[in-house]
Amino acid sequence: AALWLVVPAAGQGRRMGADRPKQYLEIAGRPVLACTLARLYSAFPGARLCLCLDADDARFDPAWVPFAEWRRVSGGNERVDSVSHALEAIAGEASDDDLVLVHDVARPCVTVADLERLHAALSDDPVGGLLASPVADTMKRDDGAGRVAATELRAGLWHALTPQGFRYGLLRQALAAAVKAGIPVTDEASAVETLGLSPQLVKGRRDNLKITHPEDLALARQILAAQSA
Ligand code: C5P
C-alpha cells in the first residue's frame, strides 16, 4: 500500500497577528512550510504529498518541496475542507487501504523519531491513530465570563497532535459523513470517532507544538535549534 502525506497549509493564521500566514514566517532563514516539509521528507522520502494551499497564495515557492511526487490542491473554508479536497484530488490513484498521514504545516518541530514511531504503530492497526501527549496542567473549564465553572479531571486527557494517520477509504468516508452531518471536526480522529471507532493514541513529544500565537514562533525556533544542536 502507498503512503500519502496531506499537509493542510491553507489557513490564514489570524491568531498570529502577523503580516503573513504563519507558514511563511521564518525559522533560521526558512519559512515554516519548508521546515515542516523537510522533516516529513527525512522520515518518508518515498511518500506522495498533497499540499493544500489557498488558491490566492502568491508566496508559495515550489522549491520548498523536496518530494519527487507531489501536487498542490486548493484549500477550503475550514481545515477539514482542505483535507477533504486533498482526498478527492487523489481519488483516482489512492487505494482504500493506502495509509494517509495528515500533518499541520504549522508543526515544524515534529521529530523524525516520532514520525517513524507513528508510522510503525499504524502499520497493522485497523482503525488508525495519532500522535498525542498526556496533559500536564490541571484543566479548567470557564463559565464564559472569565471565572472557573469546573475543574476537568486531568488523568486520561491527551493533547491531539499531528500527524494523524488513517486508511484512505476510512478517512474519506469519515470526513464526508462528519461534514454532511454538520459535526465540527478539528482533526481527522474526531471524524473517525463519529463512526464509533477508537483511534490509537501514540505518545509523542510535547514539543511538537502548533505555531498558533505570536510567542509560539520563538519557541519553535528554540526547539528546532536545540534539536539540531
Ligand atoms: O488554524 P489552525 O492552526 O487550527 O490550522 C491548522 C492547520 O490547518 C494549519 O496547518 C492551517 O494552515 C491548516 N488550514 C487549512 N485550511 C483552512 C484552515 C486551516 O489548510 N481553511
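## Where H1 meets H3

In this predicted model, helix H1 (residues 32-43) and helix H3 (residues 112-122) have axes that come within 9 Å of each other and cross at roughly 55°. That angle makes H1 oblique to H3. As for the hand, the H1 and H3 crossing is right-handed.

Which residues do the touching? On the H1 side they are Arg39, Ser42 and Ala43, and these meet Val112, Leu115 and Glu116 of H3. By character, the residues of this contact split into three nonpolar, one polar and two charged.

## The sheet

Now for the strands. Seven of them make up an open sheet with mixed pairing, and going across, the order reads E5-E4-E1-E6-E10-E7-E11. Strand E5 (70-74) and strand E11 (200-203) sit at the edges with a single partner strand each, so one side of each has no neighbour in the sheet. From one strand to the next, the twist averages 25°.

Take a look at the E11 end. Strand E7 (residues 129-134) and E11 run parallel and are joined by four bridges. Glycine 129 is found opposite glutamine 200 of E11.

## H2 on the sheet

There's a helix to add here: H2 (residues 79-89) packs on the sheet. What does H2 touch? Its contacts are with strand E1 (3-9), strand E4 (48-53), E5 and strand E6 (99-102). The direction of H2 makes about 140° with that of E4. One of the strands H2 touches, E5, is also an edge strand of the sheet.

Methods. Residues numbered from 1 in each chain as written. Predicted model: local features only at pLDDT ≥ 70, side-chain atom pairs only at ≥ 80, totals over all residues. Axes fitted to C-alpha atoms, helices over the stretch in contact; angles between N-to-C directions. Helix = DSSP H or I, 4+ residues; strand = E, 2+ residues; numbered from the N terminus. Parallel < 35°, antiparallel > 145°, perpendicular 65-115°, else oblique. Left-handed = near helix turned anticlockwise from the far one by under 90°. Contact = placed C-beta atoms within 7 Å. Nonpolar A, V, L, I, M, F, W, Y, C, P; charged D, E, K, R; others polar. Pairing = 2+ DSSP bridges.
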